[in-house]
Structure formats: C-alpha cells, structure tokens
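Trainee: I've got a protein model open and I'm a bit lost. Could you walk me through reading it?

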Amino acid sequence: MMRNALTSKEAIKLVKKYGSPLFVTRQEAMLENIYNYFKYFKAYKGEFCLCYSAKTNPIVALLKIFREESVLAEVCSMLDIESSTLAGYKGGEIIFDGLVKTSEELDKAVKFGFRIINVETFDEVRQIENICQKHKKRANIGIRLTFPSLRVGLKSLLGISYDRFGLEADGAELKEILEFVQKSRYLKLIGVHCHTGSNQKSAKRYLVGIDALTDLMVKLKSEYGFEVEIINLGGGLGVENITAYKVTDIALNSLKSFLKLDINYKNTSLNFESLGKEIVDYLEKKLEEKGLKYPTLMLEPGRSLIGNTTDLISTVITRKETKHNNWLIIDAGTNLMPILTLYSEYHEVDVLTKNKEKKRTSIAGPLLYSSDIVLTNRMLKQGSSNDLVIIRNTGAYFSCQSNQFLQPRAATVLTKGRSSRVVQRRETVKDILVRDI
Ligand SMILES: Cc1ncc(COP(=O)(O)O)c(C=O)c1O
C-alpha cells in the first residue's frame with residue numbers, strides 16, 4: 001500500500017459525509033508522483049518536460065493541480081481539450097495525440113497554438129495544413145512512430161494490437177508526409193513520438209522506443225534537414241500496486257477457481273529510480289553515438305501519475321453464501337470499474353470490518369447483470385451489511401470509463417490533509433435522462 005494511504009477511519013468519515021460509492025483522491029499522493037518524475041528524470045542533460053495524459057482521469061480540479069505543478073496536458077479528444085482549458089491550460093501547454101482527430105479539434109489546436117500535434121496519417125497532415133492556411137497560423141507537428149515491437153500477451157491473443165497507431169518508420173506514408181512538410185510554409189516538424197503501451201514495470205520497451213526514435217531523428221536530419229527539438233517516449237509506466245494479469249496468470253487463476261483454491265497474487269514490483277536512470281542513461285548514450293543534440297525529453301504518463309492516488313470506497317449491501325460461493329454484494333458495480341472486467345487487473349481490496357475471520361470471498365456489484373463481478377475467490381475478512389470495502393488504486397481509467405448502466409456514476413472527493421471537497425458530484429438519474437427527447 002502507498003505511503004499515507006486512505007485509512008479505515010478516514011474512509012468511514014468520508015462515506016458518512018459524501019455517501020457511497022465514492023472515489024477519494026489524495027492530493028499529497030498526486031504531488032508525490034509528480035515529484036518522483038522530476039526527481040528521477042532531472043539527471044537528463046537536456047530539458048525534461050512532464051505531461052499528464054488527461055484521458056486517464058480528466059477531472060478539472062485534478063488537471064488544475066497538475067498545471068500548478070508545471071505538468072503539461074496531453075489531450076486526445078474534445079473532452080480532454082475542454083477540461084484542460086477549463087483547468088487553465090493555455091495552448092502552448094497542450095500536447096495533442098490520437099489516431100483520429102476531428103476537424104473541430106484540429107481547428108482548436110491550430111487556433112490556440114498547441115505546443116505540438118503528433119500526427120499519425122498523411123490525411124491528417126493535409127488537414128492541418130488547410131486549417132493553418134485558413135487561420136494564417138503555423139503549427140508544430142511531431143511524428144508518432146508505430147511502436148516497433150509487438151508483445152505476445154493476453155491482449156494480442158484477443159486481437160488487440162497497437163499497429164494502427166503511428167506511422168511505420170520505413171513506410172511510404174511517412175515519406176510522403178516528410179516531403180510534404182519540407183515544402184509547407186505552415187508546418188514545422190519539431191518532434192518524434194512513440195508510446196510503449198500501458199503498465200510497464202521495466203525500462204525494456206522504452207529502450208526499444210529510444211532506438212527507433214533516435215534512428216528516425218538521424219534520418220530526419222540527414223535526408224530531410226529536420227533537427228527535432230522533442231523526443232516524446234509516451235506514457236505507459238506502471239504502478240507498483242496494480243498488475244495486469246498475463247495469460248498465464250489468468251489460466252492459473254481459472255484453474256484455482258475450478259479447484260476452489262485461494263487466489264493470492266503478488267504484484268510485480270517496480271523500481272522507479274533505477275528505471276528512470278536506465279532510460280536517461282540509454283537515451284544519452286544513443287544521442288551521443290548517433291551524433292544528435294540533446295532534445296527535450298518529454299513523457300506523457302497517465303496511470304503512474306494518478307493510479308495510486310485514488311481509492312474507490314463502497315458499502316456492503318449484503319452477504320450471501322451459496323453452495324459454490326461466499327458472496328459480498330457491494331454498492332459499486334462494474335459500471336464504475338469496467339476496466340476490471342476488460343483487462344483483468346489485480347487491485348488490492350480491503351474489507352473494513354470488526355470481524356477478523358478471513359474466508360474465501362467473491363465480490364459482486366449491485367447490477368442485474370451476470371458479469372457484474374469485481375473479484376473472485378480471494379481470502380478476505382468476513383464483512384457484512386454496512387461494512388465498507390475499499391478497492392485500492394483506482395485513479396486511472398476507472399472514473400473516466402464509468403458508465404450509467406443501471407446506476408448513476410459515483411462522486412469524486414479530493415482530500416488534502418484533513419480537509420476534503422467534492423470535485424465531481426454524484427450523478428443523478430435526472431442527469432442521465434436529460435438527453436432523452
Ligand atoms: C499516446 C498515449 N500517451 C500516453 C498514454 C498514457 O498511458 P499510461 O496511462 O499507461 O501512462 C496513452 C495511453 O493509452 C497513449 O495512448
């Protein structure tokens with residue numbers, strides 16, 4: 001558990017005041033994550049620039065904190081753009097990513113002078129050029145490279161691959177873009193970019209990215225005369241207390257379920273300090289080997305800045321023992337945590353109860369839906385009605401992916417020391433019905 005994690009006493013107090021289920025974000029934890037990035041990447045000999053991937057959790061009050069700490073915003077939708085703008089971000093503090101960017105979004109990016117638009121297709125480049133002509137404004141662009149190695153994991157077995165993102169280093173489309181930008185009066189190529197994929201607990205894939213991006217920088221300089229100012233290694237760093245199950249974990253967990261064995265899982269550890277050092281050392285080495293100037297090193301993490309700052313508190317509705325399961329039914333459903341059903345991440349869970357006895361437990365939400373299951377077969381304390389259950393480290397991709405299937409979305413409270421305030425109010429049924437005509 002993280003230092004200064006939400007205590008039982010605090011959780012009980014907050015639920016009394018704000019209701020359940022409730023996301024609770026701790027400002028101190030956000031600051032600790034930000035400072036860790038600055039601490040571990042400050043050794044880089046060039047400039048270091050940290051951005052926050054807004055889509056991970058775009059609550060305006062949280063974005064404001066990132067901005068106050070000199071963290072730029074990485075956006076990939078109009079929702080991200082609008083929430084970042086509401087949080088006070090100016091154009092030059094916004095990085096724009098995404099395979100699909102609408103003309104309305106691109107228009108804003110050009111008009112507001114976003115720091116960089118990382119492009120992924122030639123169509124998009126032509127569209128930006130036209131918008132620039134219309135507004136008589138220039139735009140900074142970066143080239144997003146397709147991530148150069150494909151992982152064989154659960155996602156790839158399910159057909160989820162990354163190859164639609166970015167441009168292939170040796171592809172014809174990249175060549176067309178570069179020739180086009182060479183002739184353009186409006187577009188300035190200032191960056192190279194890639195994203196490793198989420199939940200990385202080692203530097204391995206960042207080093208692969210550094211190889212590919214520095215090779216691209218050499219090609220841009222020698223063949224086209226572009227000297228880029230920014231090398232952006234994307235986001236992707238994991239969180240110590242969250243582990244995405246591998247195929248083998250899922251197979252083993254299924255077998256354990258079948259054999260009625262406890263599912264106890266140990267998170268893969270992560271050493272931020274040595275990982276940061278490895279990335280910085282390798283980048284400097286490659287830049288020197290390839291005769292390149294030190295560009296700004298940009299990172300745009302989401303999960304590792306916000307994931308461990310937030311817990312989801314829920315309340316036990318009832319306990320139900322069946323022939324096959326010992327259920328705890330709680331008031332937070334998978335509509336608040338679809339990421340658990342989709343990606344099967346391991347998160348720590350605490351049952352706050354006076355009962356010290358532990359039993360093999362499965363937890364389900366309140367939805368009349370067979371897949372509304374939060375976890376199965378874990379050794380947990382025996383809670384009963386009105387006890388609280390805390391699902392830990394739910395800051396990234398939980399609140400933002402929540403939906404209104406059967407139940408409105410939960411509120412988020414931000415705590416700072418002993419004070420707390422609502423930063424996103426609880427949704428009402430009226431809020432949901434407002435769209436119906
Ligand atoms: C381009 C890009 N940058 C940054 C991120 C943030 O990733 P993470 O939350 O894993 O740090 C993502 C996530 O998908 C992404 O696609």
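**Domains and core**

Mentor: Sure, and keep in mind that this is a predicted model. Let's start with the contacts between domains: 27 residues of domain 1 touch 26 residues of domain 2.

Trainee: Which residues belong to domain 1 and domain 2?

Mentor: Domain 1 covers 27-303, and domain 2 covers 308-433. Their C-alpha centres are 31 Å apart.

Trainee: Which elements supply at least two residues each to the side of domain 1 that touches domain 2?

Mentor: That would be helix 2 (27-41), helix 3 (60-68), strand 9 (243-244) and helix 10 (247-258). Helix 2 gives the largest share, 4 residues.

Trainee: And how many residues on that side of domain 1 are nonpolar, polar or charged?

Mentor: The side of domain 1 that touches domain 2 has 13 nonpolar, 10 polar and 4 charged residues.

Trainee: Okay, now the inside. What do nonpolar side chains tend to do in soluble globular proteins?

Mentor: They tend to be buried together. Here, the largest nonpolar core has 96 residues, and the members touching the most others are Leu22, Cys51, Ala73, Ile117, Ile313 and Val389. Helix 9 (residues 204-224) brings the largest share of this core, 5 residues.

Trainee: Which domains does this core draw at least three residues from?

Mentor: Domain 1 (27-303) and domain 2 (308-433) each give at least three.

Trainee: Can we zoom in on one member? What does Ile313 touch, leaving out residues up to four places away in sequence?

Mentor: Ile313 touches Ala11, Leu14, Val15, Ser20, Pro21, Leu22, Val24, Leu388 and Ile390. Spot Leu22 in there: Leu22 was also among the core members touching the most others.

Note on methods: Residues numbered from 1 in each chain as written. Predicted model: local features only at pLDDT ≥ 70, side-chain atom pairs only at ≥ 80, totals over all residues. Core = buried A, V, L, I, M, F, W, Y, C linked by C-beta atoms within 7 Å. Buried ≥ 20, exposed ≤ 12 C-beta atoms within 10 Å, placed from the backbone. Domains from an automatic or database assignment. Contact = placed C-beta atoms within 7 Å. Nonpolar A, V, L, I, M, F, W, Y, C, P; charged D, E, K, R; others polar.
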